[in-house]
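Morning, everyone. Please have the sequence and the model open, and follow along with me.

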Amino acid sequence: MAIWNRAIETLPRDRLRALQGERLRAAIAHAHERVPFYRRRLAAAGVAPGDIRGLDDLGRLPFTTKADLRDHYPFGLFAVPRAEVVRIHASSGTRGKLTVVGYTTGDLAVWGEVVARAISLAGGGPGDIIHNAYGYGLFTGGLGLQLGAEALGATVVPMSGGNTPRQAMLIRDFGARVLCCTPSYALTIAEEFERQGIDPRDLPLAYGIFGAEPWSDALRAEIERRLGLVATDIYGLSEVIGPGVANECIEAKDGLHIAEDHFYPEVVDPDTGAPLPPGAWGELVFTSLTKEAFPNIRYRTGDITTLLEEPCACGRTSRRMARLRGRHDDMLIVRGVNVYPSEVEAVLLALEEIAPFYQIVLARDGALDTLEVQAEVTEEFRAACRAADGGLDPDEPRVRALRARIGDQLRSRLGLGATVTLLAPNTLTRIEVGKAVRVVDKRSSV
Ligand SMILES: [Zn+2]
């Protein structure tokens with residue numbers, strides 16, 4: 001497969017490091033000169049911009065957090081005059097205010113470049129028809145993929161989310177080769193093809209770029225089988241630039257190549273902030289090396305991963321980040337035990353009787369947290385149980401046995417007991433726009 005920017009993406013590591021060091025010095029000077037917040041933060045840490053001579057000095061710089069972004073709502077962290085900002089995006093925090101980010105013309109060019117790399121990593125190329133079902137608007141997904149597809153010289157179909165029957169029709173009629181959306185929506189589209197009696201394997205569809213939610217390898221296998229494509233994981237967040245910060249390559253699918261000539265990654269202990277050695281899991285932190293409007297110094301993403309430094313089969317030299325187990329924020333604490341929804345997903349999707357639609361419901365019984373896992377069975381399993389009305393009889397021996405088996409596997413994986421509820425196919429609400437609701441936490445409202 002073609003490497004979009006061969007000169008940079010295969011740069012020997014020592015030369016990449018030299019480039020990063022040089023860009024870091026300029027980036028720190030830029031943030032210090034233009035943003036009062038960073039000036040105060042550096043002064044408080046006793047660091048002058050000139051003290052940062054290279055990457056080895058990065059650890060002397062203070063972190064920036066999402067709370068800092070919220071505190072400077074809306075434009076307080078911009079490093080250029082507002083008139084030079086040509087684009088605004090924002091991410092909807094689940095609590096409180098939006099975090100607002102801005103882009104200069106130069107920033108949009110960088111964004112287009114890194115997303116073009118991401119699409120190439122995922123198998124796409126110039127001339128391809130790219131069906132973009134990420135949401136358009138303040139969310140960076142839709143417009144970010146759009147920018148990259150255009151930079152790549154592809155033909156982009158700006159569908160956004162919603163109206164799944166029409167999505168399926170246009171994927172077929174236009175002959176899309178690449179599909180971009182959340183992994184849960186990819187499954188909704190697969191179901192729609194099945195409903196319409198269309199086999200996606202007969203279509204030109206070949207590659208999928210799925211992100212904005214944590215998803216397991218089991219879900220990947222399911223999507224690849226049902227849509228007849230090769231699925232890769234894309235990573236990004238608006239605070240850093242949007243999608244395109246990293247993407248898996250189709251050659252290895254072993255970690256996401258980071259565009260680290262623009263975004264310098266570190267992994268730190270989420271509790272203490274101490275930098276962790278290569279191979280250790282911790283919180284991902286980014287420092288922007290080239291951003292103009294909205295620089296980041298050691299921005300804490302809240303995402304838990306590890307950095308992979310071994311050479312990759314595809315020939316690219318950038319470091320890779322392991323697929324996310326979930327955001328640190330997504331981690332549930334149930335009866336004192338840390339639970340990532342992706343671990344529940346991994347258990348469920350390894351079972352052939354279970355369809356890839358599930359929900360985790362947390363509630364409280366007196367002082368005790370309760371964890372319920374609701375999962376749909378496949379049509380084949382339901383048919384084998386011979387329920388009268390198309391539903392699922394919870395007392396049917398096969399249903400009871402499956403429930404017990406899932407309960408055991410969840411207990412051994414999570415270290416925690418869970419109530420398992422099996423549902424007939426098509427019981428849970430399908431999402432058409434945005435991210436799937438995998439977790440319903442009723443504990444605060446009880
Ligand atoms: Zn690779």
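**Strand pairs, a core helix and two domains**

Let's start in the sheet: Y235 sits opposite A246 in β8. One caution before I go on: this is a predicted model.

Y235 belongs to strand β7, which covers residues 230-237. β7 and β8 pair antiparallel, over 4 bridges. How many residues join β7 to β8 in the hairpin? The hairpin uses 4 residues.

Now look at β8 itself, residues 242-248. Buried or exposed? Mostly covered: 7 of its 7 residues are buried. β8 also pairs with strand β9, residues 256-258. That pairing is antiparallel too, with 3 bridges. Go back to A246. A246 faces Y235 in one pairing, and its bridge partner in β9 is I258.

Move along the chain to β11, residues 282-288. The rest of the structure largely encloses this strand, because 7 of its 7 residues are buried. Which strands does β11 pair with? One is β10, residues 263-268, joined to β11 by 6 bridges and running antiparallel. In that pair, find Y264. Y264 stands opposite T287 in β11. The other is β12, residues 299-305, antiparallel over 4 bridges. Here G282 stands opposite T305 in β12.

Next, the helices. Start with α5, residues 105-121. α5 has 17 residues and reaches 24 Å from its first C-alpha to its last. That is close to the 24 Å expected at 1.5 Å a residue. After α5 comes G123, with a positive phi near 110°.

Is α5 covered or open? Mostly covered: 12 of its 17 residues are buried. The buried set is not purely nonpolar by name. It includes V110, W111, V114, V115, I119 and L121. D107, E113 and R117 are buried as well.

That takes us to the core. In soluble globular proteins, nonpolar side chains tend to be buried together. In this model, the largest nonpolar core has 111 residues. Which residues have the most contacts inside it? They are V115, I119, L179, C180, A186, V245 and V373. α5 gives the most to this core, with 8 residues. The core draws on both domains, with at least three residues from each of domain 1 and domain 2.

Take V115 as a close-up. Set aside its neighbours within four places in sequence. V115 is then in contact with G144, L145, L147, G148, A151, P243 and G244. Two of those, P243 and G244, fall within the β8 range, residues 242-248.

Now a residue with less cover. H30 is in helix α2, residues 13-34. Why does H30 count as partly exposed? Because H30 has 19 C-beta neighbours inside 10 Å, and buried status takes 20 or more. Who touches H30? Beyond four places in sequence, H30 is in contact with A79 and P295. Also check P49. H30 and P49 are 19 residues apart in sequence, but 9.2 Å apart in space, C-alpha to C-alpha.

Step back to the whole chain. Domain 1 is residues 1-328, and domain 2 is residues 331-441. Their centres, taken over C-alpha atoms, are 31 Å apart. How many residues does each domain bring to the contact? Domain 1 brings 19, and domain 2 brings 16.

On the domain 1 side, α8 (183-195) and α9 (217-227) each supply at least two residues. The largest share there comes from α8, with 4 residues. By class, that side of domain 1 has 6 nonpolar, 10 polar and 3 charged residues.

Last stop: helix α10, residues 341-349. α10 is mostly covered, with 7 of its 9 residues buried. Those are P341, S342, V344, E345, V347, L348 and L349. What do they pack against? The partners are α9, β17 (354-365), β18 (368-377), α12 (397-414) and β20 (439-441). Note α9 in that list. We just met α9 on the side of domain 1 that touches domain 2.

To recap, keep three places in view. β8 has 7 of its 7 residues buried. α5 gives the most to the largest nonpolar core. And α8 supplies the largest share of the side of domain 1 that touches domain 2. Thanks.

Key. Residues numbered from 1 in each chain as written. Predicted model: local features only at pLDDT ≥ 70, side-chain atom pairs only at ≥ 80, totals over all residues. Domains from an automatic or database assignment. Contact = placed C-beta atoms within 7 Å. Nonpolar A, V, L, I, M, F, W, Y, C, P; charged D, E, K, R; others polar. Expected span 1.5 Å × (residues − 1). Core = buried A, V, L, I, M, F, W, Y, C linked by C-beta atoms within 7 Å. Pairing = 2+ DSSP bridges.
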